[in-house]
Amino acid sequence: MASDEGTTTRIDSWLWSVRLIKTRSAATTACRAGHVRVNGDRVKAAHAVRGGDEVRLRHGGRDRIVVVAKVIRKRVGASVAAECFVDNSPPPPPREETPVAAHRDRGAGRPTKRDRREIEQLMLRGR
């Protein structure tokens with residue numbers, strides 16, 4: 001499937017290079033926390049990734065499933081990075097389904113007992 005099946009690179013470096021994760025240290029942390037799987041196995045940051053591998057990533061509250069199309073080592077522009085993987089991720093949930101965060105006006109002071117109860121009700125509905 002991929003033209004670069006012979007070359008490999010570290011998974012944390014590849015995730016950063018194709019702009020799936022903002023920094024390489026964040027990619028390393030995600031690997032260490034067990035949020036990155038290659039071909040179904042949890043991997044460490046130094047795991048070698050090849051063309052054709054399936055990478056599953058849990059980042060930012062969303063699951064990403066990508067297939068490595070091209071192995072790159074350096075960070076590239078967004079248009080070039082999009083060509084390096086095939087995105088098989090489920091679509092993000094609609095905005096209506098995302099839980100509503102409690103919002104208070106600036107300078108409103110501490111919440112009253114009634115406000116705290118309303119906030120708790122919001123938090124329980126979001127689960």
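Ser13 has a relative accessibility of 8% and therefore counts as buried, the limit being under 20%. The model is predicted. Ser13 lies in helix α1. Beyond residues up to four places away in sequence, Ser13 touches Arg24 and Arg73.

Helix α1 also takes part in an aromatic contact. A search of the whole structure finds one aromatic pair. Trp14 and Phe85 form this pair, with an edge-to-face arrangement. The ring centres are 6.4 Å apart, and the planes meet at 80 degrees. The pair links distant parts of the chain. Trp14 belongs to helix α1 (residues 11-17), whereas Phe85 belongs to strand β7, and 71 residues separate them. Trp14 and Phe85 are both buried.

Trp14 also figures in the nonpolar core. In soluble globular proteins, nonpolar side chains tend to be buried together. The largest nonpolar core here holds 23 residues. The members that touch the most other members are Ile11, Trp14, Leu15, Val18, Leu20, Val36 and Val55. Helices α1 and α2 (24-32) each supply at least two residues of this core, as do strands β2, β5 and β6. Leu20 illustrates the contacts in detail. With neighbours within four places in sequence left aside, Leu20 is in contact with both members of the aromatic pair, Trp14 and Phe85. Leu20 is also in contact with Leu15, Leu57, His59, Arg64 and Val66.

The strands form an open sheet. Five strands are arranged in the order β3-β2-β5-β6-β7, with antiparallel pairing. Strands β3 (41-42) and β7 (85-87) stand at the edges. Each edge strand has a single partner strand, so one of its sides is left without a neighbour in the sheet. Strands of a sheet pair through backbone hydrogen bonds, either parallel or antiparallel.

The pairings can be followed across the sheet from β3. Strands β2 and β3 run antiparallel and are joined by two bridges. Here Val38 has Asp41 of β3 as its bridge partner. Strand β2 (residues 36-38) also pairs with β5 (residues 54-59), in the antiparallel sense and over three bridges. In this second pairing, the bridge partner of Val38 is Val55 of β5. Val38 thus has bridge partners in β3 and in β5. Val55 is also one of the core residues that touch the most other members.

Strand β5 pairs with β6 (residues 62-68) through six bridges, again in the antiparallel sense. Arg56 has Ile65 of β6 as its bridge partner. Arg58 is bridged to Asp63 of β6. Two residues lie between the strands in the hairpin of β5 and β6. In this hairpin, Gly60 takes a positive phi near 65 degrees. Strand β6 is mostly covered, with five of its seven residues buried.

On the other side, β6 runs antiparallel to β7, and three bridges join the two strands. Val67 has Val86 of β7 as its bridge partner. Strand β7 also carries Phe85, the partner of Trp14 in helix α1.

Methods
Residues are numbered from 1 along each chain as its sequence is written. This is a predicted model: local features need pLDDT of at least 70, side-chain atom pairs count only at pLDDT 80 or more; totals for chains, interfaces and linings use all residues. Side-chain values use heavy atoms; hydrogens and water are left out. Two strands pair if DSSP finds at least two bridges between them. Helices (H or I, at least four residues) and strands (E, at least two) are DSSP runs, numbered from the N terminus. Buried means under 20% relative accessible area, exposed over 50%, partly exposed in between (1.4 Å probe, protein chains only). Rings of Phe, Tyr and Trp (its six-membered ring) pair if their centres lie within 6.5 Å; planes under 30 degrees apart count as stacked, over 60 as edge-to-face and the rest as tilted. Contact means heavy atoms within 4.5 Å. A nonpolar core is a set of buried Ala, Val, Leu, Ile, Met, Phe, Trp, Tyr and Cys residues joined through side-chain atoms within 4.5 Å.
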